[in-house]
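Hello,

Here is the structure I promised to pass on to you. Please open it alongside this message, and my notes follow underneath.

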Amino acid sequence: MPKPAQKRPAASRRGRHDVAALRGSIPPLVTPFLDGEVDYDKYAELVSFQIEQGSHGVLVNGTTAEPSTLTTAERNRLVTVAVVTAAGRVPVVAATGSQSLAESRALTEHAVAAGADALLIVTPYYIRPPQRGLVQYYLELASGHDVPWMIYHIPGRTAVSVTLDTLKACKDKSPTFVGMKHAVNDLGFASECLQELGADFKIFVGLEELSFPMMAVGACGLMNAVGNLRPGVLAEMCEAVFANDLAAGRKLHDQLLEINKAVFYDTNPIPIKYMMMKLGLLAKNEHRLPMVPALPELAAKLDGVLERAGLSAAPARASRRRVAAAARRGAVVSARSRGRTAAR
């Protein structure tokens, strides 16, 4: 079990000069459970798997992680495990939002101290605050540290949307606000954000079926649950778009289409965890209530999806293209990694 990370000096933390590393496929990892407890050793294996398969980063405690069923201590420990395991090889994005300012502050402070490279903060769910309340809430969480942060925009889960004016206010008042995860079926809003906030405003796609279309209009990357299954293909699609090879990107998007749809055959991450178990990526298909495992009918349907996708075993090693891309990223962050090690 990795030792808890120690707080790093401010000079060694990632700041706005490192924001360029936040792009590409950054999958939201599932939380593995074993007999009701979080399996931190397996979680470290999942982080390593993502890096080996060529993912550009990892997202801790996203929706796919079932964070509402986790304690604050468990969420914090997952961040620590991810940072220690990644060891600077790829960025670690920590989702630190909840419906409570006090809880969100505690999660954010731990992520900053543990060495997370960026923060993803969901709009407070259930409360349905006014936009001016959202702005004040985010500015409060952004104060006192220099870690880049993004808004997690997922109104289907939180019952509150973020307006363009709110995004502008956050950008005007917080120099470390760099983007958002956009889990809304609205390409037009993504385009408006890029036009009004600048091409450097980072939009990560949060809906699988919009992965390629939204990247084609300017999104910088993906934070998709299906990355738990096919991390290499998602990374390749991002690399294709970065290289302006839209034909290759569309081909990979078409290849992923059925699996992308299958993620939502039931509430995420029920289908993902079942398919990960079938691929040998998880030993058990275990959730915490009120989440429950896939029913037999769904399991049979997902078996067909995996068979048609040619997935009968765990994904093979990363392709040469992904390995080369990962090596380039590793060279960029190697000095940062050495700084992390020294700081600990």
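Below is what I found, going from the whole chain to single residues.

Please keep in mind that this is a predicted model.

**The chain as a whole**

The chain holds 13 helices and ten strands. Of its 344 residues, 58% count as buried. About 14100 Å² of the chain is exposed, and carbon and sulfur atoms supply 53% of that area. Among contacts with a separation of 6 or more, 73% join residues 24 or more positions apart.

**The sheet**

Eight strands form an open sheet with parallel pairing, and their order is E1-E10-E9-E8-E7-E6-E5-E4. The edges are taken by E1 and strand E4 (58–60); each has a single partner strand, so one side of each is left without a neighbour in the sheet.

A good place to look inside the sheet is strand E8. This strand covers residues 177–182, and six of its six residues are buried. On one side, E8 pairs with strand E7 (residues 149–153) in the parallel sense, over five bridges. Within that pairing, Trp-149 has Phe-177 as its bridge partner, and Met-150 stands opposite Gly-179. E8 also pairs with strand E9 (residues 202–205), again in the parallel sense, here over four bridges. In this second pairing, His-182 stands opposite Val-205.

**Val-19**

Next, a residue from the segment before strand E1 (24–25), namely Val-19. Is Val-19 buried or exposed? Its relative accessible area is 11%, and since the cut-off for buried is under 20%, Val-19 counts as buried. Once neighbours within four places in sequence are left aside, Val-19 is in contact with Pro-148, Val-178 and Lys-202. Val-178 falls within the residue range of E8, and Lys-202 within that of E9, which makes this a handy spot to view together with the strands above. Val-19 and Asp-117 are also worth displaying as a pair: 98 residues separate them in sequence, while their C-alpha atoms are 8.8 Å apart in space.

**Helix H10**

Helix H10 runs over residues 246–262. Its 17 residues, at 1.5 Å a residue, should span 24 Å, and the end C-alpha atoms are indeed 24 Å apart, so the two values agree. Where does H10 bend? The bend is at Leu-256 and amounts to about 45°. Leu-256 is also one of the buried residues of H10, together with Gly-249, Leu-252, His-253, Ile-259, Asn-260 and Ala-262. These buried residues pack against helix H8 (211–216), helix H9 (231–242), H11 and helix H12 (296–308).

**Asn-268**

Following H10 along the chain brings you to the loop between H10 and helix H11 (270–278), where Asn-268 is found. Asn-268 counts as buried, because its relative accessibility is 8%. Which side chain does the side chain of Asn-268 meet in a polar contact? The partner is the side chain of Thr-64, at 3.0 Å. Thr-64 also appears in the wider list of contacts of Asn-268, which, leaving aside neighbours within four places in sequence, further includes Arg-157, Ala-225, Val-263 and Met-291.

If you have a moment, please start with the strands and then turn to the loop after H10, and let me know how you get on.

Best wishes

How values were computed:
Residues are numbered from 1 along each chain as its sequence is written. This is a predicted model: local features need pLDDT of at least 70, side-chain atom pairs count only at pLDDT 80 or more; totals for chains, interfaces and linings use all residues. Side-chain values use heavy atoms; hydrogens and water are left out. Helices (H or I, at least four residues) and strands (E, at least two) are DSSP runs, numbered from the N terminus. Buried means under 20% relative accessible area, exposed over 50%, partly exposed in between (1.4 Å probe, protein chains only). A polar contact is a pair of N or O atoms within 3.5 Å; within protein, one must be able to donate a hydrogen and the other to accept it, and residues adjacent in sequence count only if both atoms are side-chain atoms. Contact means heavy atoms within 4.5 Å. The expected span of a helix is 1.5 Å times one less than its number of residues. The bend at a residue is the angle between axes fitted to the seven residues ending there and the seven starting there. Accessible areas come from the Shrake-Rupley method with a 1.4 Å probe; for residues, only the protein chains shown count as cover. Two strands pair if DSSP finds at least two bridges between them.
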